[in-house]
Amino acid sequence: MSLHHIPFPQASELIARHTAPLEVVSLPHNEAQDHVLARDVLTHHAYPDVKKAAVDGFAISEEDRLNGVRHFTVQEQVGAGHRFSTTLTSGKAIHVMTGAEVPENSGFVVRVEDAVQEGDHIALSQEYGSQENICQPGEEAHGEDIALKAGTWLNWARMPLIHYLGATHLSVYRKPRVGIIVTGDELLESHSPHQRGKVRNTNQYTAQYILQAMGIPCTSYGMVQDSREQIATTIRLAMEECDVVLTSGGVSMGKYDFVKPIFQSLDVNLHFTRTAIRPGGPLLFASRGKQVLFGLPGYPSAFFTVMLVYVVPALKRIMGRPDHHPVEVDVELDNDMRSRQGHLVFNRANFDLVNGHWHARGGENQKSSHFIPFANADGLVIFPEDIGNAPRGTRLRGMPFALQLL
Ligand SMILES: Nc1nc2c(c(=O)[nH]1)N[C@H]1C(S)=C(S)[C@@H](COP(=O)(O)OP(=O)(O)OC[C@H]3O[C@@H](n4cnc5c(N)ncnc54)[C@H](O)[C@@H]3O)O[C@H]1N2
Ligand code: MOO
């Protein structure tokens, strides 16, 4: 098969075929964040484990509820985490705080603000339903329920549940070690003053910010000059230390575009060198066992696009996530947009969510060599090969940036 102009679905499929979750490791809970569970996490007791008050109030027996008793003597006061010491007999109430255990024969808990209290007496003015304001043992979970399924990403929103369950060690897929190498004589450190004809290193940071948002550690191998030997040495070093190696620049047709011949000379399977998308057409993808290498294009907007449409899904898969595909939404164009027929084009645009529907606007400037308009966009509108110009109102698919790293 030609390694050139692989259509997007086939390229994505090739990447998926050559990426797989890494080995399963057991990690203490304080190191588990942003890993993907390899095994279900179970509850080891019922939630709640005992019958509990759902509000601050007074527990009354079921017998008194059925008999319509309205006046009670408060026998004791019980805080959450403590246990009552009296029994709930007729005409007696127990003052319970939210979460405190209530006696088995409790019929309901009346909220403090709904009872008229005088000394240790309370009076109720209405009837209550059976078990009102009471949480039953096991109503949230039984003894061995699945609380978190294998394949779940333990992001910041899920981590609190690990503590709720008291899980101390978790079986998760090891996170990949990712290395980024940026190449090019034209590169300046990002904090350097302007120098004629040079550009500031942006792509290293694009990779770092994306990986940071995914909770994946990233090693930077620095900026390497356009020297075949230096780039090859750095890629070999990164291959010794990383599961995923990303390079930036040097993948098109220039005299100093050394990354492709280096990939060809390495002991790896080179699966493709260009895919039929814009921006970001030039892209090398190679693998060796579970290790993968991506040679990304140098233009920052091309690099950014390739990171989102190919590399992020690959990383999600390596992390063990079942939901690894780019996150697409239906989007309506709020102005005319131009595309290039014959290519699958990812057009930058501004996205708005209006009454639950995504809209895209702007997108006048689509030059790969420009980054300011790209980085001011909020997402990519996907133009299939057969669509050239699309008038306002056209409905297409889109990829809001913010949804890609969820
Ligand atoms: N004859 C051809 N020329 C080009 C083709 C082609 O098919 N035939 N493809 C074009 C396309 S499409 C792209 S995309 C670029 C990508 O090429 P490279 O990956 O070889 O990129 P470089 O030449 O190394 O860099 C291009 C340009 O990008 C800027 N750059 C590079 N690295 C960084 C970085 N780390 N941070 C910020 N900016 C960076 C810089 O301006 C480079 O000059 O090739 C076209 N050419
Ligand atoms: O594919 Mo290149 O990304 O147009 O600039």
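A quick definition before the close-ups: on a 1 Å grid over the protein atoms alone, a pocket is an open set of points with protein on both sides within 12 Å along at least five of seven lines, while a cavity is a set where a 1.4 Å probe fits but cannot get out; a residue counts as lining if it has an atom within 4 Å of a point. A molecule sits in either one if more than half of its atoms lie within 2 Å of its grid points.

This is a predicted model, so local features need pLDDT of at least 70 and side-chain atom pairs count only at pLDDT 80 or more, whereas totals for chains, interfaces and linings use all residues. Residues are numbered from 1 along each chain as its sequence is written, chains are lettered from A and ligands numbered from 1 in the order in which they are written, and side-chain values use heavy atoms, with hydrogens and water left out.

**View 1. Ligand 1 and its shell.** Ligand 1 takes up the space of the largest pocket. Its shell (residues with a heavy atom within 4 Å of it) holds 22 residues, with Thr202, Gly250, Val251, Ser252 and Arg274 the closest. Two or more shell residues come from each of strand S15 (199-200) and helix H7 (300-319); helices here are DSSP runs of H or I with at least four residues, strands are runs of E with at least two, and both are numbered from the N terminus. Sorted by class, the shell has 10 nonpolar, eight polar and four charged residues. In that scheme Ala, Val, Leu, Ile, Met, Phe, Trp, Tyr, Cys and Pro are nonpolar, Asp, Glu, Lys and Arg are charged, and the others, Gly among them, are polar.

**View 2. Polar contacts of ligand 1.** Here a polar contact is a pair of N or O atoms within 3.5 Å. One oxygen-atom contact of ligand 1, at 2.8 Å, goes to an N or O atom in the side chain of Ser252, and another, at 2.9 Å, to a polar backbone atom of Val251. The side chain of Asp257 also has an N or O atom 3.3 Å from an oxygen atom of ligand 1. On its own ligand 1 has 880 Å² of accessible area, and the protein covers 72% of that (Shrake-Rupley method, 1.4 Å probe).

**View 3. The largest pocket.** How big is the largest pocket in volume? About 750 Å³, where a volume is the space filled by probe spheres set on the points, and points are joined across faces, edges and corners. Of its 37 lining residues, Ser252, Pro297, Gly298, Tyr299 and Ala302 are the closest to the centre. Strand S13 (178-183), S15, strand S19 (277-278) and H7 each give two or more residues to that lining. The class split is 14 nonpolar, 17 polar and six charged.

**View 4. Ligand 2.** The space taken by ligand 2 is the largest pocket too. Around ligand 2 are Arg278, Pro279, Gly280, Gly281, Pro282, Tyr299, Ala302 and Ser368, which split into four nonpolar, three polar and one charged. An oxygen atom of ligand 2 lies 2.3 Å from a polar backbone atom of Gly280, and for Gly281 the backbone distance is 2.9 Å. Ser368 joins in through its side chain, with an N or O atom 2.6 Å from an oxygen atom of ligand 2.

**View 5. The cavity.** The structure has one cavity of 30 Å³ or more, and the largest cavity comes to about 40 Å³. His4, Val251, Ser252, Met253, Lys260, Thr273, Arg274 and Pro282 line it.

**View 6. Backbone oddities in loops.** Arg278 and Pro279 are joined by a cis peptide bond with omega about -10 degrees; Pro279 is in the loop between S19 and strand S20 (282-288). Another cis peptide bond joins Tyr47 and Pro48, with omega about -15 degrees.

Note on methods
Polar contact = N/O pair within 3.5 Å; in protein donor to acceptor, adjacent residues only side chain to side chain.
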